[in-house]
Amino acid sequence: MGFHVTERKIGWHKDFDSSHFLALPYESKCLRIHGHTYNVDVEIWGDLNENGMIFDFNHLSRLIKLLDHRIIVSESWVVERKEDIIVIEKNGKHIELPADEAVILDKPNVTAEFIAEWFAERIAEKAGDNVEKIRVKIWEDPRSYAEVTLEK
């Protein structure tokens, strides 16, 4: 036959609905709270682990459930954490939310670029030693995406 495996990769696609706003030094409609039906494409390269997988798709599904139908904010915008409430102040907004309705990113802003990076980092936390490369593409709409690649 002459063929042999030279590379292994898995791919995964899913959508989720979330809201956010941006912190920008100029006037933009994106300063207001708005939402997207995001689409995420994930590719993970590596060798098979002891279970015959590169990475478990269930970990990716749990990430989507964490983001879906929540507002995504920057950690630097959170000014107070009460028992089950977070208080966000940015762009002249003062927002009190139930903590379980927000996803707080350890990023300075909530751009598609930072959401993609955050998503890839969460995958890397669950990745075994067999994983070599992670690529995440976050689509805000059918025309616009941000992509990040993490490699060992």
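This passage describes the surroundings of selected residues in a predicted model, with attention to aromatic pairs, charges over rings and polar side chains.

His20 is located in strand E1, which spans residues 9–20. With a relative accessibility of 0%, His20 is classed as buried. A polar atom of the His20 side chain lies 2.8 Å from the backbone oxygen of Val110. Val110 also appears among the contacts of His20 beyond its neighbours within four places in sequence, together with Arg32, Ile33, His34, His36, Tyr38, Ile71, Ile72 and Glu140.

Three aromatic pairs were found in a search of the whole structure. In one of them, the ring centres of Phe16 and Tyr38 are 5.0 Å apart and the ring planes meet at 15 degrees; because planes under 30 degrees apart count as stacked, the pair formed by Phe16 and Tyr38 is assigned to that class. Phe16 belongs to strand E1 and Tyr38 to strand E2 (residues 34–46), so this pair ties together parts that lie 22 residues apart in sequence. Both partners are buried: Phe16 has a relative accessibility of 0%, and the relative accessible area of Tyr38 is 0%.

A further aromatic pair consists of Trp139 and Tyr145, whose rings are tilted, with 50 degrees between the planes and a centre-to-centre distance of 4.6 Å. Trp139 is partly exposed at 21% relative accessibility; since buried residues are those under 20%, Trp139 falls outside the buried class. Tyr145 is likewise partly exposed, its relative accessible area being 44%.

Charged side chains were also located over aromatic rings. The charged end of Lys137 is placed over the ring of Tyr145, at 4.3 Å from the ring centre. The ring of Tyr145 is thus described both by its pairing with Trp139 and by the position of Lys137. Elsewhere, Lys93 lies over the face of Phe21, 4.7 Å from the centre of the ring.

Asp41 is situated in strand E2 and, with a relative accessible area of 25%, is partly exposed. The side chains of Asp41 and His13 make a polar contact of 2.4 Å. His13 is also one of the residues touched by Asp41 when those up to four places away in sequence are not counted; the others are Trp12, Arg135, Val136, Lys137 and Trp139. Asp41 therefore touches Trp139, a member of the tilted pair, as well as Lys137. The C-alpha atoms of Asp41 and Asp17, which are 24 residues apart along the chain, are separated by 15 Å.

Methods. Residues are numbered from 1 along each chain as its sequence is written. This is a predicted model: local features need pLDDT of at least 70, side-chain atom pairs count only at pLDDT 80 or more; totals for chains, interfaces and linings use all residues. Side-chain values use heavy atoms; hydrogens and water are left out. Helices (H or I, at least four residues) and strands (E, at least two) are DSSP runs, numbered from the N terminus. Buried means under 20% relative accessible area, exposed over 50%, partly exposed in between (1.4 Å probe, protein chains only). A polar contact is a pair of N or O atoms within 3.5 Å; within protein, one must be able to donate a hydrogen and the other to accept it, and residues adjacent in sequence count only if both atoms are side-chain atoms. Contact means heavy atoms within 4.5 Å. Rings of Phe, Tyr and Trp (its six-membered ring) pair if their centres lie within 6.5 Å; planes under 30 degrees apart count as stacked, over 60 as edge-to-face and the rest as tilted. A charge sits over a ring if NZ of Lys or CZ of Arg is within 6 Å of the ring centre and within 35 degrees of the ring normal.
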